[in-house]
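Open the model in your viewer and keep the selection box ready. The stops below go from element to element.

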Amino acid sequence: MAMRRAVRQHLPSLIRRAVSSGGTANSGSLAACRSVSCAMRSVSTSVPSGEPSVETSFVSQATPVSPFAAAAAAASSAYTSPATVAAENAIRDGPRNDWSREEIQAIYDSPLLDLLFYGAQVHRHSHKFREVQQCTLLSIKTGGCSEDCSYCPQSSRYNTEVKAQKLLGEDAVLTAAKKAKEAGSTRFCMGAAWRDTVGRKTNFNQILSYVKEIRGMGMEVCCTLGMLEKKQAEQLKEAGLTAYNPQGYI
Ligand code: SF4
């Protein structure tokens, strides 16, 4: 229907243009509709014995290009953000882990909609984008944190009525992990309300054993335990940790 409407709307002007541009008998001269939104990109016109007969052919039946889309394309081609370049490289070359601070800053400073658009492109390229991974998060040590994050009810600096608890024992943690797996989780995350893990050798070793056990169940394991020392990060990796949700390491 849209095609027929385009023919009906633009055919008279195309005939006039073809004839006035010197179309003669069987000359097969070409004319093109100049309307941006018209799908008719070329018209083969033959004019036998003074009576115009027109054959139309549609080179492209793509969706008509709106003036707004044309303007947007022109504007976007004038500026290429670091997010755009990084996304194109990631899709072409795969992930990398040797980013400099300057490169990260440049991507961070890219226009927000570029970040959204190109971030989504990379995500769709790298993952089954209609799938969601089910992850279970367990607080293995709640409350009593010495840090003063003002949004966090676990900070001991504010009266939030959250009671400080000790690190959960092995039974409680492994039972929770088993239940999570039975419920369909493929990742288990353990969070502890600590500013950092310095001076917590016993607790840290206990967590290393939790990581090993849960990894042995066939699940991915992640942790958030506050700031880590480099050596502790390496120990967690050796134990089988698949991701760390950091505040940093010291
Ligand atoms: S370091 Fe973590 S647990 Fe502690 S107050 Fe901040 S957000 Fe809460």
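Two residues are in contact if their C-beta atoms, placed from the backbone, lie within 7 Å. Helices (H or I, at least four residues) and strands (E, at least two) are DSSP runs, numbered from the N terminus. This is a predicted model: local features need pLDDT of at least 70, side-chain atom pairs count only at pLDDT 80 or more, and totals for chains, interfaces and linings use all residues. Residues are numbered from 1 along each chain as its sequence is written.

**Whole chain**

Show the cartoon. The chain has 8 helices and 7 strands. Color by burial next: a residue is buried if 20 or more other C-beta atoms lie within 10 Å of its own, exposed if 12 or fewer, and partly exposed in between, with C-beta atoms placed from the backbone. Of the 250 residues in the chain, 17% are buried. Among contacts with a separation of 6 or more, 56% link residues 24 or more positions apart.

**The sheet**

Select β4 to β7. Strands of a sheet pair through backbone hydrogen bonds, either parallel or antiparallel. Two strands count as paired if DSSP finds at least two bridges between them. Here 4 strands form an open, parallel sheet in the order β4-β5-β6-β7. Its edge strands are β4 (135-141) and β7 (243-244), each paired on one side only.

Zoom to β4 and β5. They run parallel and are joined by 6 bridges. T136 stands opposite F188 in β5. Move over to β5 and β6: this parallel pair has 5 bridges. R187 stands opposite E220 in β6.

Now show the side chains of β6. Which of them are buried? V221 and C223 are, and they point to one face. E220, C222 and T224 point to the other face and are not buried.

**Helix α6**

Select 170-182, which is α6. The expected span of a helix is 1.5 Å times one less than its number of residues. For the 13 residues of α6 that gives 18 Å, and the end C-alpha atoms are 18 Å apart, which agrees. Pick V173, A177 and A180: these are buried. They cover an arc of only 60° around the axis, which puts them on the same side of α6. The arc is that of the directions from the helix axis to the C-beta atoms. On the other side of α6, look for exposed D171, A172, T175, K179 and E182. The buried residues of α6 pack against β4, β5 and α7. After the helix comes G184, with a positive phi near 110°.

**Helix α7**

Select 201-216. These 16 residues form α7, which reaches 23 Å from its first C-alpha to its last, close to the expected 22 Å. Its buried residues are F204, I207, Y210, V211 and I214. They cover an arc of only 110° around the axis, which puts them on the same side of α7. Rotate to the face turned away: K201, T202, N205 and G216 are exposed there. What do the buried residues of α7 pack against? Their partners are α6, β5 (187-192), β6 (220-224) and α8 (230-239). G218 follows α7 and has a positive phi, near 90°.

**The ligand**

Last stop: select the ligand and its shell. A residue is near a molecule or strand if its C-beta atom, placed from the backbone, lies within 6 Å of it. The ligand is surrounded by C145, E147, C149, C152, Q154, S155, A193, R195 and G226. Color this shell by class: 4 are nonpolar, 3 polar and 2 charged. Ala, Val, Leu, Ile, Met, Phe, Trp, Tyr, Cys and Pro count as nonpolar, Asp, Glu, Lys and Arg as charged, and the others, Gly among them, as polar.
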